[in-house]
Amino acid sequence: MTSYVENETEVRFPFDVQEILGKVMEAVLQMENCPYETTVNLLITDNGGIREYNKNYREIDRETDVLSFPNISFDTEGDFTQAQESAADCFDPDSGELILGDIILSADRVLSQAQEYGHSVLREFAFLTAHSMFHLCGYDHMEAQEAAVMEEKQEAVLRQLGITRAQEAN
């Protein structure tokens with residue numbers, strides 16, 4: 001499992017971003033029974049940066065907290081067989097790892113939402129990372145039933161990692 005993190009902001013989180021990303025990735029991929037070693041890229045930007053990405057890639061001209069860009073077209077959530085069918089596009093030829101996709105996270109929103117929701121910056125970062133990882137595994141939340149499934153999975157991952165809302169706010 002490989003993750004790449006680029007932080008284009010001045011924000012320094014009170015935890016090791018690479019470590020938390022790795023723990024969340026591992027927990028999500030185990031939950032989804034992913035049969036491959038994977039690669040995920042994380043870009044940490046600010047509100048202006050994420051607004052630009054949202055505008056350019058989704059044609060939505062507003063900031064958001066996290067964007068997910070899956071590299072696999074899933075027919076069914078968590079079914080990684082599609083990756084094998086598109087192996088040339090889905091696997092890194094050097095490492096053999098499944099290129100799961102890219103995450104873009106707004107550091108500004110991580111900080112403001114942690115304060116707004118009254119929990120730690122760690123919890124907000126881990127939540128948004130888990131949320132995005134499930135998108136990279138083919139999940140969505142456009143319908144109420146889909147949202148309920150994603151929410152339960154996200155909370156299960158955070159509970160497993162011991163990253164709960166009860167932590168003191170940072």
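Helices are DSSP runs of H or I with at least four residues, and strands are E runs of at least two, numbered from the N terminus. The model is predicted: local features need pLDDT of at least 70 and side-chain atom pairs pLDDT 80 or more, while totals for chains, interfaces and linings use all residues. Residues are numbered from 1 along each chain as its sequence is written, and side-chain values use heavy atoms, without hydrogens and water.

**Exercise 1.** Place E124 and decide whether E124 is buried or exposed.

Solution.
- E124 belongs to helix α6.
- Buried means under 20% relative accessible area and exposed over 50%, with partly exposed in between (1.4 Å probe, protein chains only).
- E124 has 2% relative accessibility and is therefore buried.
- Beyond four places in sequence, E124 touches V110, Q113, A114, Y117 and H119 (contact: heavy atoms within 4.5 Å).

**Exercise 2.** Do the same for E32, and find the side chain that E32 joins in a polar contact.

Solution.
- E32 sits in the loop between α1 and β2 (38–45).
- Its relative accessibility is 7%, so E32 is buried.
- The side chains of E32 and Y139 form a polar contact of 2.7 Å.
- A polar contact is a pair of N or O atoms within 3.5 Å; within protein, one must be able to donate a hydrogen and the other to accept it, and residues adjacent in sequence count only if both atoms are side-chain atoms.

**Exercise 3.** State which residues of α1 and α6 make the contact.

Solution.
- The α1 side supplies V17, I20, L21, V24, M25, V28, L29 and M31.
- The α6 side supplies L122, F125, A126, T129, A130, M133 and F134.
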